[in-house]
Amino acid sequence: MEVSATAPGKIILFGEHAVVHGQPAIAVPLPAVCARAVVYRGRPGGQLMIIAANLARTIVVSATPHRSDHALAVACRLLVDYYRRPLPNFHVLVHSTIPVASGLGSGAAATTALLKALSQALELDIDLETLNALVYEIEKLYHGTPSGIDNTVVVYEQPVYFVRGQPIETFAIGQALHLVVADTGVPSPTHVAVHDVGVLYQQEPARIGAIFERIGDVSREARARIELGDAVALGGLMRENHALLRDLTVSSPLLDKLVAAAEASGAYGAKLSGGGRGGNLIALTPPEIADSIARVLLGAGAKRVIQTTLA
Ligand code: PMV
């Protein structure tokens with residue numbers, strides 16, 4: 001019998017980068033794209049193998065750690081070690097519709113789907129808190145010093161108001177909010193941008209610290225506006241957040257161009273989402289012009305758009 005599990009993509013609405021330095025951030029699941037893991041039971045005496053379809057790669061999970069181990073192999077070992085089980089002889093197919101390295105949570109979703117499917121197949125009664133802690137360990141391999149927001153929103157599959165090291169808070173969305181997510185097609189290695197912002201903070205603690213604090217204020221205000229369903233105010237906050245992220249050096253000419261194009265075409269506001277320098281941006285739009293904004297973004301250089309409604 002096969003067992004399968006999925007995990008959604010995610011988008012950060014407000015607060016990226018500042019969240020690494022203790023400020024609040026807001027993220028929501030993006031179920032339009034997801035990772036899926038399917039477990040097939042292998043022959044007795046066989047090995048645990050992960051077929052990573054998007055990477056066109058088969059990963060054999062060995063009981064002994066090795067420096068070159070793939071993160072998905074490390075994740076499997078982490079799970080079985082936590083529950084003091086031997087490695088099972090499963091074959092696990094992992095595939096994903098989430099674009100890689102674009103700030104939509106592809107790494108966290110692949111790990112989450114894998115661990116959920118394995119836990120089910122092994123009949124481990126894993127709770128979300130434990131799953132989140134294990135996925136966070138793997139996020140560290142991908143990202144260096146992640147805040148934990150990606151794994152949290154992907155594991156809990158709920159909008160989260162996230163402050164590093166604090167219990168997760170979810171919140172209600174007062175009125176449906178329509179977003180166009182646009183991919184620049186430029187890969188964005190989050191750990192590089194996070195590292196650069198950290199260096200900048202060391203060099204100019206007062207100026208950069210003030211930007212982090214202002215971003216924190218924007219996230220707090222945004223949460224209240226999301227709860228009220230106030231799209232106009234949220235658009236203004238997105239503009240401000242984008243400008244602050246530009247000050248942190250994590251925007252790019254293409255992101256700025258796409259953000260400006262969305263705003264000139266009637267979006268309430270737009271901003272980069274995630275690590276920046278590439279990856280994705282989000283535009284908050286009245287639903288009736290969402291299609292035309294999506295076309296404008298594609299015409300201005302976006303490689304792909306996804307529409308989503310937060311409700
Ligand atoms: O994974 P990304 O590219 O969506 O970025 C995550 C958000 C950051 O704040 C830039 C990093 C982090 O760990 O919170």
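# Pockets, cavities and ring contacts in a predicted model

Serine 219 is found in helix α6, and in this predicted model serine 219 counts as buried, at 0% relative accessibility. Leaving aside neighbours within four places in sequence, serine 219 is in contact with Phe14, Gly15, Pro24, Ala25, Ile26 and Tyr161. Beyond this residue, the briefing covers the open pockets, the enclosed cavities, the aromatic pairs and the charges that sit over rings.

**Two residues and their surroundings**

- Isoleucine 12 is found in strand β1, which spans residues 3-14, and isoleucine 12 is buried, with a relative accessible area of 5%.
- Once neighbours within four places in sequence are set aside, the contacts of isoleucine 12 are Ile26, Ala27, Ile149, Asp150, Lys271, Ser273, Gly274 and Ile282.
- Ile26 appears in the contact list of isoleucine 12, and Ile26 also appears in the contact list of serine 219.
- Isoleucine 12 and leucine 55 are separated by 43 residues in sequence, and their C-alpha atoms are 25 Å apart in space.

**Pockets**

- The largest pocket holds about 750 Å³ of space, and of the 41 residues that line this pocket, the closest to its centre are Ala101, Ser106, Gly107, Tyr142 and His143.
- Two or more lining residues of the largest pocket come from each of β1, β5 (90-96), α2 (106-121), α3 (128-143), α4 (149-156) and α5, with α2 giving the largest share, 4 residues.
- By residue class, the lining of the largest pocket divides into 19 nonpolar, 18 polar and 4 charged residues.
- The second largest pocket has a volume of about 270 Å³, and of the 15 residues that line this second pocket, Asn132, Thr152, Phe162, Gln166 and Ile168 are the closest to its centre.
- The elements that give two or more residues to the lining of the second largest pocket are α3 and α4, and the largest share, 4 residues, comes from α3.
- The lining of the second largest pocket divides into 6 nonpolar, 7 polar and 2 charged residues.

**Cavities**

- The structure holds 2 cavities of 30 Å³ or more, and in the largest cavity there is about 60 Å³ of space.
- Leu13, Phe14, Leu177, Leu179, Ile226, Leu234, Met238, Ile282, Leu284 and Leu310 line the largest cavity, and the elements that give two or more residues to this lining are β1, β7 (177-183), α7 (231-247) and β9 (280-285).
- The lining of the largest cavity consists of 10 nonpolar residues, with no polar and no charged ones.
- Ile282, one of the residues that line the largest cavity, is also in contact with isoleucine 12, while Phe14, another residue of that lining, is in contact with serine 219.
- The second largest cavity has about 40 Å³ of space and is lined by Pro99, Leu104, Val181, Ala182, Asp183, Asn280, Arg304, Val305 and Ile306.
- At least two residues of the lining of the second largest cavity are supplied by each of β7 and β10 (304-310), and this lining divides into 6 nonpolar, 1 polar and 2 charged residues.

**Aromatic pairs**

- The count of aromatic pairs comes to 2; in one of them the rings of tyrosine 82 and tyrosine 83 have their centres 5.0 Å apart and their planes at 75 degrees, so the pair is edge-to-face.
- Tyrosine 82 counts as partly exposed, at 49% relative accessibility, and tyrosine 83 is likewise partly exposed, with a relative accessible area of 23%.
- Tyrosine 201 and phenylalanine 212 also form an edge-to-face aromatic pair, with 5.0 Å centre to centre and 70 degrees between the planes.
- This second pair links distant parts of the chain, with tyrosine 201 in helix α5 (residues 190-203) and phenylalanine 212 in helix α6 (residues 205-228), 11 residues apart.
- Tyrosine 201 counts as partly exposed at 31% relative accessibility, whereas phenylalanine 212 counts as buried at 2%.

**Charges over rings**

- Arginine 223 lies over the face of tyrosine 161, at 4.7 Å from the ring centre, and Tyr161 is also one of the residues in contact with serine 219.
- The charged end of lysine 271 sits over the ring of phenylalanine 14, 6.0 Å from its centre, and Lys271 is among the contacts of isoleucine 12.

Key:
Residues numbered from 1 in each chain as written. Predicted model: local features only at pLDDT ≥ 70, side-chain atom pairs only at ≥ 80, totals over all residues. Heavy atoms only, no water. Buried < 20%, exposed > 50% of the residue type's maximum accessible area, 1.4 Å probe, protein only. Contact = heavy atoms within 4.5 Å. 1 Å grid on protein atoms, 1.4 Å probe; cavity = no way out; pocket = protein on both sides within 12 Å on 5 of 7 lines; lining within 4 Å. Points joined across faces, edges and corners; volume = space filled by probe spheres on them. Nonpolar A, V, L, I, M, F, W, Y, C, P; charged D, E, K, R; others polar. Phe/Tyr/Trp six-rings, centres within 6.5 Å; stacked < 30°, edge-to-face > 60°. Lys NZ or Arg CZ within 6 Å of the ring centre and 35° of its normal.
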